[in-house]
Amino acid sequence: MWIAWIEFDILLGDVHTLKEKRAIVRPLVGELRRRFDVSAAEVGAQELYRRAELGAVLVTADRTHAVEVLDAVERFVAGRPELDLLSARRRELRSDD
């Protein structure tokens, strides 16, 4: 079994309140869940209105599949015009490690 996750540090564009931030972050997290069948959440920087830290994780039997899904998730987030992806950190871990 493989557990794979990716964390994003994101700078939001023209956002001036936490309410505006939520209007961007919530649909993005929901789309990650629907499109890629991963668990996703805002995992940090929740008190900052122009920054967001998001995480996505999946469990799979095959490392290749995990890498493909994380690649697709990263491309999807990086391609969003309303945000700038500052960094992406990922890790794959085998259950017997």
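This is a short talk on the helix α1, the nonpolar core, and a few single residues of one structure. The model is a predicted one, so local features are taken up where pLDDT is at least 70.

I will start with helix α1. Helix α1 runs over residues 18-36. With 19 residues at 1.5 Å a residue, α1 should span 27 Å, and its end C-alpha atoms lie 26 Å apart, which agrees. Which residues of α1 are buried? They are K21, I24, V25, L28, V29, G30, L32 and F36. The elements that cover these buried residues include four strands and a helix: β1 (2-12), β2 (39-44), β3 (51-60) and β4 (83-94), together with α2.

Right after α1 comes D37, which has a positive phi. D37 sits in the loop between α1 and β2. Its phi is about 55°, although D37 is not a glycine. As a reminder, most residues other than glycine have a negative phi. Is D37 buried or exposed? D37 counts as exposed, because its relative accessibility is 70% and the cut-off for exposed is over 50%.

A45 also has a positive phi of about 55° without being a glycine. A45 is found in the loop between β2 and β3. A45 is buried, since its relative accessible area is 15% and buried means under 20%.

Next, the aromatic rings. How many aromatic pairs does a search of the whole structure find? It finds 1. The two rings belong to F36 and F76; their centres are 5.7 Å apart and their planes stand at 65°, so the pair is edge-to-face. The angle decides this, because planes over 60 degrees apart count as edge-to-face. F36 is in helix α1 and F76 is in helix α2 (residues 63-78), so that the pair links distant parts of the chain, 40 residues apart. Both rings belong to buried residues: F36 has a relative accessible area of 16%, and F76 has one of 14%.

There is one more ring to mention, that of W2. R63 lies over the face of W2, 6.0 Å from the ring centre.

Now the core. In soluble globular proteins, nonpolar side chains tend to be buried together. Here the largest nonpolar core has 26 residues, and those with the most contacts inside it are I10, L32, F36, V38 and V73. At least two residues of this core come from each of β1, α1, β3 and α2. Which element gives the largest share? It is α2, with 7 residues.

To take one of these residues, what does I10 touch beyond its neighbours within four places in sequence? I10 is in contact with R50, R51, A52, L54, V77, L83, D84, L85 and L86.

D9, in strand β1, is buried, with a relative accessible area of 14%. Leaving aside neighbours within four places in sequence, the contacts of D9 are R51, A52, E53, D84, L85, L86, S87 and R89.

R89 brings us to strand β4, where R89 lies. R89 is partly exposed, at a relative accessible area of 39%. Apart from residues up to four places away in sequence, R89 touches W5, I6, E7 and D9. The side chain of R89 also makes a polar contact, 3.1 Å, with the side chain of S87. From C-alpha to C-alpha, R89 and V73 are 12 Å apart in space, with their positions 16 residues apart in sequence.

Last, two residues of strand β3. L58 lies in this strand and is buried, with a relative accessible area of 8%. Outside its neighbours within four places in sequence, L58 is in contact with W2, I3, A4, V38, H65, A66, V69 and L70. L58 and E42 are 16 residues apart in sequence, and their C-alpha atoms are 15 Å apart in space.

T60 is in strand β3 as well. T60 is buried, with a relative accessible area of 13%. Not counting residues up to four places away in sequence, T60 touches M1, W2, H65 and A66. A polar atom of the T60 side chain lies 3.5 Å from the backbone nitrogen of D62.

That is where I will stop.

Technical notes
Residues are numbered from 1 along each chain as its sequence is written. This is a predicted model: local features need pLDDT of at least 70, side-chain atom pairs count only at pLDDT 80 or more; totals for chains, interfaces and linings use all residues. Side-chain values use heavy atoms; hydrogens and water are left out. Rings of Phe, Tyr and Trp (its six-membered ring) pair if their centres lie within 6.5 Å; planes under 30 degrees apart count as stacked, over 60 as edge-to-face and the rest as tilted. Buried means under 20% relative accessible area, exposed over 50%, partly exposed in between (1.4 Å probe, protein chains only). A charge sits over a ring if NZ of Lys or CZ of Arg is within 6 Å of the ring centre and within 35 degrees of the ring normal. The expected span of a helix is 1.5 Å times one less than its number of residues. Contact means heavy atoms within 4.5 Å. A polar contact is a pair of N or O atoms within 3.5 Å; within protein, one must be able to donate a hydrogen and the other to accept it, and residues adjacent in sequence count only if both atoms are side-chain atoms. A nonpolar core is a set of buried Ala, Val, Leu, Ile, Met, Phe, Trp, Tyr and Cys residues joined through side-chain atoms within 4.5 Å.
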